[in-house]
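Thank you for making room for this on the agenda. I would like to walk through one structure, and I will try to keep to what can be read from its coordinates.

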Number of protein chains: 2
Amino acid sequence: MKIGIIGGGQLGRMLALAGTPLGQQFAFLDPASDACAAALGEHLCAAYDDREQLRQLAEDADVVTFEFESVPAETVAFLEQHVPVFPNAESLRIARDRWFEKSMFRELGIPTPEFADIQCQADLNNAVQNIGLPAVLKTRTLGYDGKGQKLLRQPEDVIDAFAELGSVPCILEGFVPFTGEVSLVAVRSRDGDTRCYPLVHNTHEQGILRLSVASTEHPLQAQAENYAGRVLDKLNYVGVLAFEFFEVDGGLKANEIAPRVHNSGHWTIEGAECSQFENHLRAIAGLPLGSTAKVGESAMLNFIGEVPAVAKVTAIPDCHLHHYGKEFKPGRKVGHATLRCTDAAVLQSRIAEVQALID
Amino acid sequence: MKIGIIGGGQLGRMLALAGTPLGQQFAFLDPASDACAAALGEHLCAAYDDREQLRQLAEDADVVTFEFESVPAETVAFLEQHVPVFPNAESLRIARDRWFEKSMFRELGIPTPEFADIQCQADLNNAVQNIGLPAVLKTRTLGYDGKGQKLLRQPEDVIDAFAELGSVPCILEGFVPFTGEVSLVAVRSRDGDTRCYPLVHNTHEQGILRLSVASTEHPLQAQAENYAGRVLDKLNYVGVLAFEFFEVDGGLKANEIAPRVHNSGHWTIEGAECSQFENHLRAIAGLPLGSTAKVGESAMLNFIGEVPAVAKVTAIPDCHLHHYGKEFKPGRKVGHATLRCTDAAVLQSRIAEVQALID
C-alpha cells in the first residue's frame, strides 16, 4: 500500500519509519528540496496547491494524509475527489481555525476558556470588556509553537494588539490560571474503533514544547477520553488526533486539537506498545489499531536548534535518539530523545541527564 | 554520518530503519534492481566487484559494512584501502569458510563437533572412517539456510556425496545428537566494549529458521558469552556477530558464526532495549553501545515465501510486523513478526496465534 503525505518534515519521516515495516511505501509532497522525510520515499517537490503534482500523488497513492493542518482547503477538496483522504476535509477545516475549533468544543459540551471571535479592533475592545484581562489574542489560523499569539495583561496591551498580529481574524481567549498542560493522543479507525494513549504532562518554554512525560493512571484520563471521543465521533475522524488541555481546579479545559500525529506523542515510539505513527497508519490504511498501553515509564525531550553530540545522547542509558536530519537553526525542532525506564525515579534522573546536554 | 552497506536486502533495510533516527544516511551496493533496502537510501546498482561503484561508495561513505559474509575478498581488500570497514577483512575471511571457522574454534578452545577438511572423495572416505556416521558434509563456503550440505546416514550416502555437492572444498562434521539449537548475538565496539543479548532458542525447518525465542537466565549464558568473547577479541571484531551453538549434554558445541546482524536477533527490534541493528551501527560508527537487556518476553517468527494478510498479523496483540517489501517466492524470507509479551505464558499463546496464520 502506498501512502501519500502532504508535507515531508519530521512527522512524515517518523510515519515512514513506522510504516515501512508494515510493507507500506511513501510519497511526500513538499516544496522544500531538503525535506527530511524525502530519504524514505518518493519526493514530489512542489507547492501544496500544484494541481499536476497533486493529481500525480492521488494516482500513485492508495490513501493520502497530512503532516500539518494548514493545508490549503482547495488541496484537500481536490484530493478527496480522487483518493481516500484521512483525516477528512471537515476535520482539517475545524482544526486549523481556532474559532471553529472552540465553537465545536462548546457545541459538544466540552469546557474551554472563555472566547470571542475578533474581526477588528472594536471586536477586541468589546471582548476584553466581557472576558476581562489577562487574556490571549490568537490568530484564528496558522499559529504554532507560540507564534501568532499575544498575551494581553493590561489595558495598554490591548490598544494595538489586533494590528500587531497582522489585522487578521483572531480569537480572544480568557487567560486560564492553569496548574498544568496535558495532552491526549487518540486514534480512531475507519470503522470507529477508538483508543487513547495515557495523558501526557507537557512543559513549554517560549511557546515551544520541551518536555512530555507520560502519566500513570491520571485521575482525568477518563474525562479526557470522553471529550476526545465526542470530537472524534462528531468529525467522523480517522487517524491520530491530539487534544491539548489545561488542568484547572482539578478539571480540564480544552485548549486545541491537532488533526495529526503530535509532538507530545513522540514518546510512544519506544514508550508504547504501538506508536502514534504506526497507529495513524493502521487507522488510515483500514488495519486494526494497535495497543496504546505504555511500556515502562516514558518521557520525551525536544532538541531545539541543534541535536547534542550523538555520542553523548547515546551514552545515556534508557535513552533513544530521534535525529530528524534537518539543518540546525535556532528555534527549530531538529530532534528528540525518548526515555523509557523501569520506574519513575529512574526516569526523573534520566530526564536530568538529557537536560544537562541541552542547557 | 553516511553508512555504506554491501548488500541491500532485508538486513540492510532494517539497519537503515535503525540508523535513520541516529541521523545516519545510507548507501547500498546491490546488483538487484529491486533491492528492498533501496527505498531507504542511495542505491548503487552494480556487481559486488564493480571497482567504479566501490570507489564511489568508499568516497561517499564514512564507514562501510556488510549484509552478508560471502562478499568477494577482493572487494573487502579494495574497500579497506579507502574507508574504514567493519567487521574487518580477516573476520569475513574466517567466517565465510567453515574450515577456517572451525579451526579457529579449536585453536581458541571452544568445543565443536568433530570435523575434517575435505578436498576430494578420498578425503571424505578417510574422514568417515575417523569421525563415523551419521555425519554432515558441508561446502566450506556459500552455504546458508541448509543449502550446500548433505546428511550422510549410512555408507551408501558417502559414495557420491562429494560430487553431489559440486566437488568443491568441503568440511565433514560429526553429527551431534543435540537437544537444542541456541544462538548468541554479541556486539563489540571500536574500543573493545562487548555486550551480548540473551541466548535465543532456535527452531529450524528444512534448514530455514522458523522460530527464535529469547531465553531468561539461560544456564549456558555465561559459557556462550565467554566463547563469543574469545572470538571477538581474537578477530579484533567490530559490530554484531552471531554465534550459533548446539546444546549437547548440558553444554555447548560451536556450530558457526555469522559476521553480521542475524535472523535470530530480529526479535531485538522490539524485544530488547537497543536492537542488534542499532547496536551494530553504534559499534561501527564509534558510538557507545546500547543496552542488550530484554524488554518483556520475546520471540520471532519468520514469514517464508509470503507474508500473511497484514490485517491478520496486526490484529494479534503484542505482535509487530516486519514486512521486507520483497517479492513473494517459495522458500524466501519475506518478513517476520516479533512478539513482546509481559509473561512467558502469554508469549506461548501468541506464538500459536502467529503460527496459525502461517500453517
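I will go from the domains of one chain to the interface between the chains, and then to a few local features.

Let me say at the outset that what you are looking at is a predicted model, and that the values I quote are computed from it.

Let us begin inside chain A, where the domain assignment gives domain 1 as residues 2-85, domain 2 as residues 114-174 and domain 3 as residues 180-358. The pair I want to dwell on is domain 1 of chain A and domain 3 of chain A, whose centres, taken over C-alpha atoms, are separated by 22 Å. Their contact draws on 18 residues from domain 1 of chain A and 22 residues from domain 3 of chain A. Between them these two domains bury about 1,700 Å², and 68% of that area is on carbon and sulfur atoms. If we ask which three residues of domain 1 of chain A supply more than any other three of the area it buries against domain 3 of chain A, they are Q10(A), M14(A) and L15(A), which together supply 31%.

Turning to the polar side of that same contact, the count between domain 1 of chain A and domain 3 of chain A is one salt bridge, alongside five residue pairs in polar contact, with both residues at pLDDT 80 or more. On the side of domain 1 of chain A that touches domain 3 of chain A, the elements that give two or more residues are α1, residues 10-19, and β4, residues 63-66, of chain A. The largest share of that side comes from α1(A), with seven residues. By class, the residues on that side divide into 11 nonpolar, four polar and three charged.

Now to the interface between the chains, where 26 residues of chain A are in contact with 26 residues of chain B. Chain A and chain B bury about 2,300 Å² between them, with 56% of it on carbon and sulfur atoms. On the chain A side, P21(A), E273(A) and T314(A) supply 22% of the area buried against chain B, which is more than any other three residues supply.

How many salt bridges does the rule find across the interface of chain A and chain B? It finds two. A salt bridge also joins R340(A) to E273(B), and there the closest N and O atoms are 3.3 Å apart. Across the interface of chain A and chain B there are, in addition, eight residue pairs in polar contact, both residues being at pLDDT 80 or more. As for the elements involved, α1, α12 (310-313) and β16 (319-323) of chain A each supply at least two residues of the side of chain A that touches chain B, and β16(A) gives the most, with five residues. That side of chain A has 14 nonpolar, seven polar and five charged residues.

How are the two copies related? Chain A is superposed on chain B by a rotation of 180° with 0.0 Å of shift along its axis, at an RMSD of 0.0 Å, and that is the relation of a two-fold axis. In chain A, the C-alpha nearest the axis belongs to L40(A), at 2.4 Å from it. Of the interface residues of chain A, 100% are also interface residues in chain B, so the copies meet through the same surface.

Let me finish with local features, beginning with the charged pairs, of which a search of the whole structure finds 34 salt bridges over all chains. One that links distant parts of the chain is formed by R188(A) with D233(A), where the closest N and O atoms are 3.1 Å apart; R188(A) is in strand β9 of chain A and D233(A) is in helix α9 of chain A, 45 residues apart.

In the backbone, a cis peptide bond joins F86(A) and P87(A), with omega about -5°, and P87(A) lies in the loop between α3 and α4 of chain A. In chain B, a cis peptide bond joins F86(B) and P87(B), with omega about -10°. Finally, N236(A) has a positive phi of about 50° although it is not a glycine, and N236(A) lies in the loop between α9 and β13 of chain A.

Definitions and conventions
Residues numbered from 1 in each chain as written. Chains lettered and ligands numbered in written order. Predicted model: local features only at pLDDT ≥ 70, side-chain atom pairs only at ≥ 80, totals over all residues. Heavy atoms only, no water. Domains from an automatic or database assignment. Contact = heavy atoms within 4.5 Å. Buried area = accessible area lost by both parts, 1.4 Å probe. Salt bridge = Lys/Arg side-chain N within 4 Å of Asp/Glu carboxyl O. Polar contact = N/O pair within 3.5 Å; in protein donor to acceptor, adjacent residues only side chain to side chain. Helix = DSSP H or I, 4+ residues; strand = E, 2+ residues; numbered from the N terminus. Nonpolar A, V, L, I, M, F, W, Y, C, P; charged D, E, K, R; others polar. Least-squares fit on C-alpha atoms with pLDDT ≥ 70 in both.
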